[in-house]
Amino acid sequence: MLPAMTHESLAGFGILILEDEPLLRKQLAAQLERLGADITQAGTLKAARQLAAELSFDFALLDVNLPDGRGTDLLQEKLFPANTGVIVMTANGGVAGAVEAMRLGADDYLVKPFDPLELPLVIGRARRARQSSRADQHRRDEQASFFFGPALAGLEAQLQKVLTADRRMEGPLPPVLIQGETGTGKTTIARWLHQQGPRGNGQLIEVNCSALPETLAESELFGHERGAFTDARSARIGLFEAANGGTLFLDELPSLSFGLQAKVLTAIEDHQIRRVGGNKVIPTDARVVAATNRDLRELVAGGKFREDLLQRLDLYRILLPSLRERGEDILKLADLFILGACRRHRLTPKKITASGRQRLLAYRWPGNVRELAHEVERALVFEENEELNFEGLQTPIDTSAPLAENGWFNPGFRFPTQGFSLPAAIGLLVQQALTQSGQNVSAAARLLGVSRDFLRYRIKGPPESSEAGGQHPTGP
């Protein structure tokens, strides 16, 4: 017998007890009623099924083995809403059944025989875990609001339409295709769709297809039977089976071979797979979210991606803009990353100076959101001032793009017939770089792509003899 202990109150909590042994059922009910819980009892699966359909409960305590079935059937039938906590009771030696129940959504389990005093402890633990989960969800919602921002309001509305359609559907959900440059947040969007959607309680399996070796990719995705190939000493499920009832996120899907693309198409269309080395058809119910940083239509035209697979994926297509297209969102994201990095490294959060904010907005961000997160962390580690100035952030000129696309040269410019001065034009560029860098010579030199000595020379001005052939520091 456990010693007397203080339990947290369960006043106002509605709890269903499904137990076929009358004495144990009464003991459990009495223990929980003493803590203020409102108890409803059932001795059969049929009675519990009817109660679950008519009433709502905060927690359900389910015996696994019953005269007319198994308590876990209620989990498989999804009779309890997501806000109902479930704890299963299993006989000694039936832990495997309890583990299966937790896979179906149970919060915890008790192995019989147990002291009734243990039950409030388990319920309290599940209650705190659910409170923590809600807090985590709140933080994820806050992060999502920061991630979207005003510039992505249209995208957020589009995603909400996807979620609304998902909630109306029964059975398998159609695939989603996410396209965007590297670092734009494709994985973040995939996780958000899973967490906010009707499969949020299921598994989210993520795989980077470009990291799968060609010889193992098929086995990883679809599993294999024993003896299918050398070292296949036992059967193994693949990622499609592991994600059953949840979401399978296939990042960089075009990296797969044509043959594997065909098998992925079959799995999406027919909701079934065959393991490597097997003949048995295995049903699957994994919602596929595919992502790529490449233009799939161009890949199809070049014979590098299956057109039928693109057509199947193209029902829900989400295009993510680059960070440089998001304007003021950059500053909100920077604030979010500052808070996150300071929390991880136990640092005092810092604000961004006015010149630092200008640098963030002026930079091209080829690595997008991921690069911004790294730059924020770098500034927090290396800048010792009370506010972040992002002095190490360079604004390189993209030499692969036409000058007009860099925003600093007007292609309509025409040289005047007289009065133009190249030294004066260079001086204007130098002054602009100094202004943008807050009069920091080193940072201005990085902006211009020249050495610090060259820039200092230009600031001081050339000696009189320079025009007569005197030597002076050269460029980069």
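This section describes the overall composition, two parallel sheets, one helix pair and two buried helical residues of a predicted model.

The model is predicted, so that local features are reported only at pLDDT of at least 70 and side-chain atom pairs only at pLDDT 80 or more, while totals for chains, interfaces and linings use all residues. Residues are numbered from 1 along each chain as its sequence is written, and side-chain values use heavy atoms, with hydrogens and water left out.

The protein contains 18 helices and 16 strands, where helices (H or I, at least four residues) and strands (E, at least two) are DSSP runs numbered from the N terminus. Of its 476 residues, 42% are buried; buried denotes under 20% relative accessible area, exposed over 50%, and partly exposed the range in between, with a 1.4 Å probe and protein chains only. The accessible surface amounts to about 26,100 Å², and carbon and sulfur atoms account for 51% of it. Accessible areas were obtained by the Shrake-Rupley method with a 1.4 Å probe, and for residues only the protein chains shown count as cover. Among contacts between residues at least 6 apart in sequence, 69% join residues at least 24 apart, a contact being defined by heavy atoms within 4.5 Å.

One open sheet is built from five strands in the order S2-S1-S3-S6-S7, with parallel pairing; two strands are taken to pair if DSSP finds at least two bridges between them. Strands S2 (38–42) and S7 (108–112) are at the edges and have a single partner strand each, so one side of each lacks a neighbour in the sheet. On average, neighbouring strands of this sheet are turned by 15 degrees against each other, direction ignored. Axes are lines fitted to C-alpha atoms, for helices over the stretch in contact, and angles between N-to-C directions run from 0 to 180 degrees.

Strand S3 (residues 59–63) runs parallel to strand S6 (residues 85–91) and is joined to S6 by five bridges. In this pairing, alanine 60 stands opposite valine 86, and leucine 61 stands opposite isoleucine 87. S3 is also parallel to S1, with four bridges between the two strands; here leucine 16 is the residue opposite alanine 60. Five of the five residues of S3 are buried, so the strand is largely enclosed by the rest of the structure. Its two faces are both covered, with Phe59, Leu61 and Asp63 buried on one side and Ala60 and Leu62 buried on the other.

Two helices are placed against strands of this sheet. Helix H1 (residues 22–34) packs on the sheet and touches S1 (14–18), S2, S3, S6 and S7, its direction making about 170 degrees with that of S2. Helix H2 (residues 45–54) lies across S1 and S2 and runs at about 140 degrees to S2.

A further open sheet comprises five strands with parallel pairing in the order S9-S10-S13-S8-S14. Its edges are formed by S9 (204–208) and S14 (316–319), each of which has a single partner strand, so one side of each is left without a neighbour in the sheet. Neighbouring strands are turned by 15 degrees against each other on average, direction ignored. S9 pairs with S10 (residues 247–251) in the parallel sense over five bridges, and isoleucine 205 stands opposite leucine 248 in S10.

Helices H13 (residues 329–345) and H14 (residues 354–362) pack at an angle of about 115 degrees, with their axes 9 Å apart. H13 contributes Ile330, Leu331 and Ala334 to the contact, and H14 contributes Arg357, Leu360 and Leu361.

Glycine 356 is located in H14 and is buried, with a relative accessible area of 0%. Apart from neighbours within four places in sequence, glycine 356 is in contact with Leu388, Asn389 and Phe390. The C-alpha atoms of glycine 356 and phenylalanine 390 are separated by 5.3 Å, although the two residues are 34 residues apart along the chain.

Leucine 380 belongs to helix H15 (residues 368–382) and counts as buried at 8% relative accessibility. Beyond neighbours within four places in sequence, leucine 380 is in contact with Ile338, Ala341, Cys342, Leu347, Lys350 and Leu388. Leucine 380 and phenylalanine 390 are ten residues apart in sequence, with a C-alpha to C-alpha distance of 9.2 Å.
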